[in-house]
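Q: Hi! Could you help me find my way around this model?

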Amino acid sequence: MNASSQHSSMWSGAWALAWRELIRFFRQRTRVIGAIGQPVIFWVLFGAGLGRSFQPPEWASGLSQPLTYQEYFFPGVAVLIVMFTAIFSTISIIEDRREGFLQGVLAAPVPRSVIVLGKVLGGTVLAVVQASIFLLVGPLLSYVGLSPGLQIALNPLPAILAALFLTLIAVELTGLGFLIAWPMNSTQGFHAIMSVFLMPMWLLSGAFFPGGGEDWLSWIIRLNPLTYGVAGLRRLLYSGTLPVTDSLPSMSACVGVTVGFSVVICLICVRLVSRPMTHNVT
Amino acid sequence: MSDICISAASVSHSYDAATALTDVDLEVPRGSLFGLLGPNGSGKTTLFRLFATLLPLQAGSIKICGSDLQEDPAAIRRMLGVTFQSPAVDVRLTVVENLQCHGRIYGLPRGTLVKRIDELLEQFSLSDRRKSIVGELSGGLRRRVELAKGLLHRPEVLLLDEPSTGLDPAARRQFWDMIHEQQQKEGTTVVLTTHLMQEAECCAHLILMDKGQIVSQGSPQTLQASIDGDRLSIRTRDSVELKAELESLLRVKARDVGSRLCFRVPDGAAALQHVMSTCGDQILSAEVASPSLEDVFLEVTGHGFEDNVAHGAVFPGEAAS
């Protein structure tokens, strides 16, 4: 087989795995509810509960109207949906291994990187679709009194850019999920990592509250790669130009860090799957 | 084209400290139905995984259809159809979706794939199940989907790991008929691992494995003919008490097989007569048969087929599921 046909079989393999991911997702209704329902409930409840005690960050002073908490939280919820979807689709690697599906792929004449490619592709499509639905439907909740009116630009160009940027975040988080799930033997282990690592990563990304206050906290937020994802999405969603501050990096920094981190994560995943491991076979 | 499909020379493998295979040499003739028979922990599944390119080759060399496993595993994977002990089908997908997914991973062009799926569904009597979710199928049907999946890309070699695990006798018979048909019609070389004697008897060529080594090989008939005498199995009212008596009567050690006592005797009919005339009233049933593969195993290894498991000699991941 020559290089180009190997290349094409790799892509067709990756698509096959991604397609399988989509079918599996839509056959499990509870997953749809889990990935999109919980963030929406968070958004409405936290928005209503924390709204009054919210201090808008310094960069918000340039906005035409004062920033409400729900508006502040809005991009963070979209990123949370992406994170949940990424977690749910990568956790299935552990099931695939246990159920035996994975060994069938490992015995196929395709490079093992198709496993990474298929998972990331499938997870990303699911995450972007769900987060986009939230971004479109979220502002409508203001009509039923569940959220305040949002200062959000609903023009085609920012919407396309926001969807593209969401895709980057989805690749980053699905890759990260893959990296965590691949060496694991049990889904319980993954849940533990989710509580002590992934959720704090999201909490400390400026998604839930702005930085400031303690110095160490600002540093964690600044070093957290997801901060750049949330900030980038924030910049694309809000109408008007926002200043660059410590807690709100510039758009180029957001794109740079998110792309860089995604590439590094995916490369590590590819290296990881290429190593033969005994626990892959059941 | 050579008549040897798979050849292994001095293959050894170990998991951490446990040795799974020691110096295994074998040749699988093209188009044959080849069985690796051994108890759990005998190394047959390790050998299967090496053939399936799922484990790195640590020592020795393996050639499959002329390609070296170390140098060109990708070429080998294209020629292999693999059916695992734990099914590698997705239980949430339908029969057709499973086959489509597998075909795309193997890079089959769309037209070929559609045609091939129809052919295989027909061949395995699954046509009316094409839209069924695999998780809702019976174990026998699921195995057939698995087999169809393994044959989708027309492999030259079909590797099966414990193919009858979890199948009822009727499903097992059907499954075997399908394997035979595939082997005879398409000339596919079939290599399977098994710990079931009835399954091993269906193979044209057998390798008996124990503790990571090949202890004997040949056709089931040759293997059975290689040991003399008969096997006398006796069911008694009280096997504990009668065991010693029968042993001294027949001058051979008894072997407990389930609720029966088995004896290897030079002349079965004479031994049976002798036993019946001495203590016939305590015997529920008695049977004389020519030696089974189990007897062959006992003869060459000095221990019974199930003994290994009791000693805990099971390698990681190789326990029967």
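Here is a short chat about a sheet and a serine in chain B of this predicted model.

Q: What is the strand order in the open sheet of four strands in chain B?
A: Happy to help! The order is 12-13-11-14, and the pairing is antiparallel.

Q: Which strands are the edge strands?
A: Those are strand 12 (255–257) and strand 14 (283–289) of chain B, and each of them pairs on one side only. From one strand to the next, the twist averages 30°.

Q: How many bridges join strand 12 and strand 13 of chain B?
A: Three bridges, in the antiparallel sense, with strand 13 covering residues 260–265. As one example, B:Val257 has B:Arg260 in strand 13 as its bridge partner.

Q: Nice. Which strands does helix 10 of chain B touch?
A: Helix 10 (residues 268–279) packs on the sheet and touches strand 11 (230–236), strand 13 and strand 14 of chain B. The direction of helix 10 makes about 170° with that of strand 14.

Q: Changing topic: where is B:Ser61?
A: B:Ser61 is in strand 4 of chain B, which spans residues 59–64.

Q: And why does B:Ser61 count as partly exposed?
A: Because 14 other C-beta atoms lie within 10 Å, and partly exposed falls between 12 or fewer for exposed and 20 or more for buried.

Q: Which residues is B:Ser61 in contact with, leaving aside neighbours within four places in sequence?
A: B:Ala9, B:Asp68 and B:Gln70.

Q: What separates the C-alpha atoms of B:Ser61 and B:Ser7?
A: They are separated by 8.2 Å, with the two residues 54 residues apart along the chain.

Methods. Residues are numbered from 1 along each chain as its sequence is written. Chains are lettered from A and ligands numbered from 1 in the order in which they are written. This is a predicted model: local features need pLDDT of at least 70, side-chain atom pairs count only at pLDDT 80 or more; totals for chains, interfaces and linings use all residues. Two strands pair if DSSP finds at least two bridges between them. Helices (H or I, at least four residues) and strands (E, at least two) are DSSP runs, numbered from the N terminus. Axes are lines fitted to C-alpha atoms, for helices over the stretch in contact, and angles run from 0 to 180 degrees between N-to-C directions. Two residues are in contact if their C-beta atoms, placed from the backbone, lie within 7 Å.
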